[in-house]
Amino acid sequence: VSTHCGSARTKPGTPPFPGGHMLALRPVRVPARACSRESERPRRRGRPAHTRDPYDTPLRDGNRDRLMGLLTRRAVATLRRYCMETDPTLTLWLESYMHEHEIPLQGTWEEVSGDKFLLDMLKCENKYMQSPLSDTYGGETHSINVRELAERILSIRAHLAEEWRQDLLQVKEDNADLLRECLLSSYKLESHIDEEHGTTPNNDLLR
């Protein structure tokens, strides 16, 4: 048997292997690291079958995740605005936490939707932070109930979702307004061109 480029060649009339026996192939184990990255990613939280529609847009699930992430970020920003008026120490801690645990636009659905951000806060123990007014007024160390903050964010997020739902109902009307404005601007432009040439709009129809 001679080999060429890693493949075996046999002479005519001779068995493939000595003794006329075929070689038994053993299954090859693929290392775990050789698996595709797609299989390593956790499965996204899919919608129940009864809520799916064959006419759904192909990016509906991804849009939903990013919408939830934006909703979570705005809920945190709203809470921060409340804290600026009542508790500056809590505001500083929340800003630091937001900077260290940013909700990304790319990643797993838990990260993009803000669920991981909220779960980490719900599981977090109380934190302690020195008040910025301590040096001036002799204040004590400020205790921060992180779980309570997360619950407030959840409540604000639900309230913002209802506001957004009402605002999104106006999308069709806004689309109609844009088309109407575009048509009016086109009509005015045609009228202006006809006036420069000494004709009237749709002059051919008047003949």
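These questions and answers look at how the labels used for this predicted model follow from its values.

Residues are numbered from 1 along each chain as its sequence is written. Because the model is predicted, local features need pLDDT of at least 70 and side-chain atom pairs count only at pLDDT 80 or more, while totals for chains, interfaces and linings use all residues; side-chain values use heavy atoms, with hydrogens and water left out.

Q: What makes up the secondary structure of the protein, and in what pattern?
A: The protein has eight helices and four strands. Along the sequence they follow β-β-α-α-α-α-α-β-α-β-α-α. Both kinds of element are DSSP runs numbered from the N terminus: helices are H or I with at least four residues, strands are E with at least two.

Q: Why is R157 called buried?
A: Buried means under 20% relative accessible area, exposed means over 50%, and partly exposed lies in between, with a 1.4 Å probe and protein chains only. R157 has a relative accessible area of 13%, so R157 is buried. R157 is found in helix α7, residues 146–168.

Q: Which residues is R157 in contact with, leaving aside its neighbours within four places in sequence?
A: They are M68, L71, T72, A75, S113, D115 and L118. Contact here means heavy atoms within 4.5 Å.

Q: How do you know that the length of α7 agrees with its number of residues?
A: The expected span of a helix is 1.5 Å times one less than its number of residues. For the 23 residues of α7 that gives 33 Å, and the end C-alpha atoms are 32 Å apart, so the two agree.

Q: Which residues of α7 are buried, and what do they pack against?
A: The buried residues of α7 are V146, L149, A150, I153, I156, R157 and L160. They pack against α2 (60–86), α3 (88–100), α5 (115–123), β3 (127–130) and β4 (141–144).

Q: What makes the N145 and R147 pair at the start of α7 a polar contact?
A: A polar contact is a pair of N or O atoms within 3.5 Å; within protein, one must be able to donate a hydrogen and the other to accept it, and residues adjacent in sequence count only if both atoms are side-chain atoms. A side-chain oxygen of N145 reaches to within 3.3 Å of the backbone nitrogen of R147.

Q: What does α3 show at its start, and how does its span compare with the expected value?
A: At the start of α3, a side-chain oxygen of D87 comes to within 3.3 Å of the backbone nitrogen of T89. The 13 residues of α3 should span 18 Å, and its end C-alpha atoms are 19 Å apart, so the values agree. In α3, T89, L90, T91, W93, L94 and Y97 are buried, and the buried residues pack against α2, α5, β3, β4 and α7.

Q: What makes a set of residues a nonpolar core, and how many residues does the largest one have?
A: A nonpolar core is a set of buried Ala, Val, Leu, Ile, Met, Phe, Trp, Tyr and Cys residues joined through side-chain atoms within 4.5 Å. The largest has 21 residues, and those with the most contacts inside it are L79, W93, F117, M121, L149 and I153. Helices α2, α3, α5 and α7 each supply at least two residues of this core, and the largest share, six residues, comes from α7.

Q: Why does F117 count as buried, and what does F117 touch?
A: F117, found in helix α5, has 6% relative accessibility, so F117 counts as buried. Not counting residues up to four places away in sequence, F117 touches T72, V76, Y97, H101, I103 and I153.

Q: Why is L67 called partly exposed?
A: L67 has a relative accessible area of 41%, so L67 is partly exposed. The place of L67 is in helix α2.

Q: How many disulfides does the structure hold, and are C83 and C182 buried or partly exposed?
A: A disulfide is a pair of cysteine sulfur atoms within 2.5 Å, and the structure holds zero. C83 has a relative accessible area of 1%, so C83 is buried; C182, at 44%, is partly exposed.
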